[in-house]
Amino acid sequence: MTPRPQSQALAHLHVLISGASIAGPALALQLARRGAHVTVVEKAPALRPGGFAVDFRGHVHRTVLQDMGIWDEVHARQTHMGVQTVVDADGTPRVDLPAAMMSGDVEIARGSLAAIMYERTKDLDNVRYVFADSVATLHETPTGVDVTFEKNAPRTFDLVVGADGLHSRTRALAFGDESRYLTYLGYYVAGFDVPNHLGLDRTARLHSDPGRMVGIGNADGDPARAGASLVFSCAERLDVDRRDLAQQQKILTERFRGMGWETGHVLEALARLTSPDELYFDAIAQIHVDRLSVGRVVLVGDAGYGATMGGMGTGAAIVAAYVLAGELAAAGGDHRTAFAAYEAEFRDFAKGCQKIAGNAGPFLAPPTARGIRQRDLMYRVLAARPLAGFFQRLTQRAATDIVLRDYP
Ligand SMILES: Cc1cc2nc3c(=O)[nH]c(=O)nc-3n(C[C@H](O)[C@H](O)[C@H](O)COP(=O)(O)OP(=O)(O)OC[C@H]3O[C@@H](n4cnc5c(N)ncnc54)[C@H](O)[C@@H]3O)c2cc1C
């Protein structure tokens, strides 16, 4: 499928999108090519780099990427991640995980994907990005949504889209407090850059002890830089201020003290971070809302059905953008019809992706030594040749469990 030509089907619509990570720019791209006037507001001062590598699998993701016209660029900037190895506390390999099992059909750094979509949209006449600001209040009227911002002047939009992630401000304002929708799954995850002192080249090592996992991976062949990931179990949700780097460094250092393998080096790199923007730290959690829209406000991406880690959140975000923009075009911009159709088309697909993600924490950091041995045994069996294809098909099932309509 080739990129579709620009149309004016939605030229009468003024849409505000909150959040410029994956879902926001993906929807901006899909709406802008149909003529809508799109404003994207992002609370960070610039497009945020970093984050884990994310992968796409199966024909649905491929169709959407091709439809967006970014398939070639995603391929050009893919990671080429190879085998990942589970190691003992002394670094001895325990089991290898083949690339096909871990990295999907094509894998790309989250920041690179966000940059591709941002670059495609930022200079369009009908798209405007506003950084370092956030929606403050939303007030729906019969003809639109009156929006006030923390910094910029108030404006009225026809529609408002929450693409502002797991802790969505839009959702809190339009749907209610986060505590009603967020299910904490008993684990935390952190990610940040570390020196590539192991000399990894498009490969990763990970080590678990009961309730904890440390991984170091190099996805892009950079000889100097690698990415560390830490996962730990935690019975209670922590009271974390995401802007307080020192607090997060303290929590992680305490949790990972005494762990073997390369953990000491990873914690030293953590201590050298100077800005909270260099650290991704969040609960492993899922979002469950009753409906994806309320009046003229609608949710896409993690804000609506998020699952930290393993839930193909990035693939689901681009599929959601495709369906929502397509349904709006099909309904001539009528949000009632379009939002109901988006819900009907997309809801079960999102649920399927969330289901897969539910076990990410216990899988990466099993709570007992026995659990770790069982997981490694399972890895070994699944990585064996005859079963590798079966495993791939299994993970692809959720990613392809939707019939995409061919929208106007
Ligand atoms: C820097 C970064 C690193 C990440 N790293 C990982 C990772 O290592 N592992 C993992 O599982 N997932 C990670 N994610 C989440 C992952 O990107 C999503 O699961 C998935 O891609 C769906 O994307 P999304 O656009 O719906 O949500 P997100 O990627 O979470 O993006 C939400 C965006 O909204 C912005 N935002 C938040 N609040 C407001 C507000 N009030 N006003 C305006 N903007 C706001 C955020 O700054 C962010 O840019 C990361 C996200 C970011 C932004």
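This briefing covers the ligand site and helix α8 of a predicted model. Local features need pLDDT of at least 70, side-chain atom pairs count only at pLDDT 80 or more, and totals for chains, interfaces and linings use all residues. Residues are numbered from 1 along each chain as its sequence is written, and side-chain values use heavy atoms, with hydrogens and water left out.

**Ligand shell**
- The ligand has 26 residues around it, each with a heavy atom within 4 Å.
- S21, E42, R48, F52 and D302 come nearest.
- By class, the shell holds nine nonpolar, nine polar (Gly counts here) and eight charged (Asp, Glu, Lys, Arg) residues.

**Polar contacts (N or O pairs within 3.5 Å)**
- The side chain of S21 places an N or O atom 2.6 Å from a ligand oxygen.
- I22 uses a polar backbone atom, 3.0 Å from an oxygen atom of the ligand.
- T314 has a polar side-chain atom 3.0 Å from a ligand oxygen.
- The protein buries 92% of the 920 Å² that the ligand exposes when taken alone (Shrake-Rupley, 1.4 Å probe).
- β2 (37-42) and α10 (313-330) are the elements that give two or more residues to the shell; helices are DSSP runs of H or I, at least four residues, and strands of E, at least two.

**Helix α8 (residues 263-272)**
- T263, V266, L267, A269 and L270 are buried, meaning under 20% relative accessible area with a 1.4 Å probe, protein chains only.
- Seen down the axis of α8, the buried residues fall within an arc of 155° (taken from axis to C-beta directions), so they line one face.
- A271 and R272 are exposed (over 50%) on the face turned away from the buried side.
- Cover for the buried residues includes β12 (182-195), β14 (212-218), β15 (225-233) and α7 (245-256).

Key: A polar contact is a pair of N or O atoms within 3.5 Å; within protein, one must be able to donate a hydrogen and the other to accept it, and residues adjacent in sequence count only if both atoms are side-chain atoms. Contact means heavy atoms within 4.5 Å.
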